[in-house]
Amino acid sequence: MLIAGEMININHDNTNSVSDLLDFTRNILPFLRDLEEDEAGPDATETAEMLGIPAKSMVVLSRNENPYGPSPLVRAALKDVPMHRYPDSRPLLEAISSYTGYPREWLVSGAGMDEIITTICRIFLGCGDLALVPVPTYNVYGLAARLCGARPIFSARLPGFAVDPEVPRGVKMAFLCSPNNPTGNALTEENVRAVVEGTDAIVFLDEAYAEFAEKSLLGMVREYDNLVVGRTLSKAFGLAGLRLGYAVAPPWITEQYRRVAPLFSVSSLSLAAGVAALQDLDWMKECVRKIVSERERMRRRLAGALPSQGNFLCIQTRQKSKAVAERMLQKGILVRDCSLFPGCGEHCLRVTIGRPEENERFIELFERSI
Ligand code: PMP
């Protein structure tokens, strides 16, 4: 009643027309008005429906998932999870602590690394702040910075996709990704050290694909007060659908993180799955072994494929990648056209390493499509 009364008064004062009153969109924060939606590529089920084929026959090589899925221990661990209680993330943090060798105070977990990235940005970035994003790279860094009203600076890379060690003054966060999505290269330790030591910004190093790489720089977090390393269970551990990520950071940052992060964003089921997956490192390592061996086999077969340390290959195409990806989609094979990645150009395709039979179908069609 009171609300209706207030509305009538406003009208009576005739300061606003009815159509003005209904323009609720003006309440949207100005810096969010033209934010693009994140784009994860075509959905497999939708594409199968469109093609009139069973979803099972689609070959999905567009999202860098693990085709073998998680350890069988995961499904067993889900059976006894109490669903009427709020989740307890401590067992997962314990398991991550054993896996990484870092004490609990250096760790935070979240609903996928994407949530970790957006939460870290909320600690350090506000309206008008600058975030450095060497491109091409994963799209979420720029989006997360924009969500805070900050401005991403998309900088060009050096030869070999190395990062320019000079971070411009005034930058508050710099985003590194190693192995990098979509190019597949790993940054050298010297390159990362030069960036971290040469700036007063917070450096976020994304190691989503570290398990597939020759080397991780996780140990460096102990040495610097401004370095955060992000990790995920979506890739090598095969848990993309359950949304589990974590970060290793100096305790002064994890303390801030816990203040800012949503309290219960990871469900009890996901937490239990994460603990079980981390208890079966043999399964994860066997997945990695198969994927890395397929990656190298595919690279030898595919002209234009760049060396990669991830579970995917970046392929330079002669024809426009958008057209190549579209032709493959029509045949039931999903790959990622990278032309929407800033700085990637129009001739770059990213293909996830799948099971050998899926990879064969891809290679066969790719050779006919380029
Ligand atoms: N970082 C990189 C480089 C990625 O490619 C991805 C997912 N594709 C993520 C982070 C996000 O991972 P998560 O599923 O844990 O949100």
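The paragraphs below lead through a predicted model, beginning with its sheet and moving on to the helices, the ligand shell and some backbone details.

The sheet is open and has seven strands, which follow the order S2-S8-S7-S6-S5-S3-S4 with mixed pairing. Its edges are formed by strand S2, residues 107–110, and strand S4, residues 151–156, each of which pairs on one side only. Between neighbouring strands of this sheet the average turn is 25 degrees, with direction ignored. At the S4 edge, the pairing with strand S3 (residues 130–135) is parallel and runs over six bridges, and within this pairing Pro134 has Ser155 in S4 as its bridge partner.

Two of the helices can be placed directly against these strands. Helix H5, made of residues 90–100, lies across S2 and strand S8 (245–248), and its direction is at about 125 degrees to that of S2. Helix H7, made of residues 140–147, packs on the sheet as well, where it touches S3, S4 and strand S5 (171–177), and its direction makes about 155 degrees with that of S4.

H7 also has a helical partner, H6, and the axes of the two come within 9 Å and cross at roughly 40 degrees. Angles under 35 degrees would count as roughly parallel, and those from 65 to 115 as roughly perpendicular; H6 and H7 are therefore oblique to each other. The crossing in which H6 passes H7 is right-handed. On the H6 side the contact involves Asp114, Ile117, Thr118 and Cys121, which meet Val140, Tyr141, Ala144, Ala145 and Leu147 of H7. By residue class, this contact of H6 with H7 divides into seven nonpolar residues, one polar and one charged.

The ligand brings H6 into view again. Which residues are the closest to the ligand? Of the 13 residues that surround the ligand, the closest are Gly112, Met113, Asp114, Thr232 and Ser234. Helix H6, residues 112–124, gives the most to this shell, contributing three residues. The shell as a whole divides into five nonpolar, six polar and two charged residues. Asp114 thus appears both among the closest residues to the ligand and in the contact between H6 and H7.

A second helix pair is formed by helix H11 (residues 281–301) and helix H13 (residues 356–369), which pack at an angle of about 15 degrees with their axes 11 Å apart. That angle makes H11 roughly parallel to H13, and H11 passes H13 in a right-handed crossing. Glu294, Met298 and Arg301 of H11 make the contact together with Pro356, Asn359 and Ile363 of H13. The residues of this contact of H11 with H13 divide into three nonpolar, one polar and two charged.

Some backbone details remain, and they are best read against a general background: most residues other than glycine have a negative phi, and most peptide bonds are trans. The peptide bond from Ser178 to Pro179 is cis, with omega near -10 degrees, and Pro179 lies in the loop between S5 and helix H8 (189–197). The peptide bond from Asn181 to Pro182 is likewise cis, with omega near 15 degrees, and Pro182 is also found in the loop between S5 and H8. Asn64, in the loop between strand S1 (59–60) and helix H4 (72–78), has a phi near 50 degrees, which is a positive value in a residue other than glycine.

Definitions and conventions: Residues numbered from 1 in each chain as written. Predicted model: local features only at pLDDT ≥ 70, side-chain atom pairs only at ≥ 80, totals over all residues. Pairing = 2+ DSSP bridges. Helix = DSSP H or I, 4+ residues; strand = E, 2+ residues; numbered from the N terminus. Axes fitted to C-alpha atoms, helices over the stretch in contact; angles between N-to-C directions. Contact = placed C-beta atoms within 7 Å. Near = placed C-beta within 6 Å. Nonpolar A, V, L, I, M, F, W, Y, C, P; charged D, E, K, R; others polar. Parallel < 35°, antiparallel > 145°, perpendicular 65-115°, else oblique. Left-handed = near helix turned anticlockwise from the far one by under 90°.
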